[in-house]
Amino acid sequence: WSAYEAKQKEASKPPEKYEWAAPENSRVGQKRVESLMELAKKDGWTQERFQSELTSENNVRNLVLQEATDSLKAEQADWEKSLREDKEVGGDALKGAAEIANRGLEWLFKDDPNELKFLRDSGYLNKPGVFKAMRRIGLQLQNDSLVTSKNTPKPKEETQNERLIRVLNS
């Protein structure tokens, strides 16, 4: 018994330095590891308990992230369905509406391709309100022409910026 008891006593001693074998793609940051390390030293945790606590925290963080990802995907699917069923832009008109919305989007972010890529990758452009706003901007950017008689003075042409400001303010 004495050898077994000595081994158990040694195993229950807190180590001089705690180490965490972080799994690949760990969600626990270094600051949190250090914070838990201080608590472990203060309360005399074993290396095994320290490892277990961090592993549990990492698992919880992964679950929370997965739930958020699943929720966002479900919401994005609802947005896409709403757009397809929308009376104004859905159904057969969706392809044309998307081309017009894309024109507005590209015009707004012509100077910032990284932001444009982020928006496209995020899925938020399929949110009906965002999609319709981009479409309204795209519609305003179309080259409209005004037919006038010879005696009617030509109205001052609006620049794209002036037209956009007018639309956004209306």
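Start at Val89 in this predicted model. Setting aside neighbours within four places in sequence, Val89 contacts Leu83, Leu94, Ala97, Phe131, Lys132 and Arg135.

Val89 also belongs to the largest nonpolar core, which has 14 residues. Val89, Leu105, Trp107, Phe131, Met134 and Ile137 have the most contacts inside this core. Three elements give two or more residues to the core: α4 (94-108), α5 (113-122) and α6 (128-140). Helix α4 supplies the largest share, four residues. Another core lies apart from this one. That core has 10 residues, among them Val33, Ala40, Trp45 and Leu54.

Val33 and Ala40 lead to helix α2, where both are buried along with Leu36 and Met37. These buried residues cover an arc of only 110° around the axis, so they sit on the same side of α2. The spacing rule is simple: an α-helix has 3.6 residues a turn, so residues three or four places apart point the same way. On the other side of α2, Lys31, Glu38 and Lys42 are exposed. The cover over the buried residues of α2 includes α3 (47-85).

Now check the length of α2. The helix runs over residues 30-43, 14 residues in total. At 1.5 Å a residue it should span 20 Å, and its end C-alpha atoms are 20 Å apart, which agrees. Just after α2, Gly44 takes a positive phi of about 70°.

Finally, turn to Gln76, in helix α3. Is Gln76 buried or exposed? Its relative accessibility is 16%, under the 20% cut-off, so Gln76 counts as buried. Not counting residues up to four places away in sequence, Gln76 touches Ser122 and Gly123.

Key:
Residues are numbered from 1 along each chain as its sequence is written. This is a predicted model: local features need pLDDT of at least 70, side-chain atom pairs count only at pLDDT 80 or more; totals for chains, interfaces and linings use all residues. Side-chain values use heavy atoms; hydrogens and water are left out. The expected span of a helix is 1.5 Å times one less than its number of residues. Buried means under 20% relative accessible area, exposed over 50%, partly exposed in between (1.4 Å probe, protein chains only). The arc is that of the directions from the helix axis to the C-beta atoms. Contact means heavy atoms within 4.5 Å. A nonpolar core is a set of buried Ala, Val, Leu, Ile, Met, Phe, Trp, Tyr and Cys residues joined through side-chain atoms within 4.5 Å.
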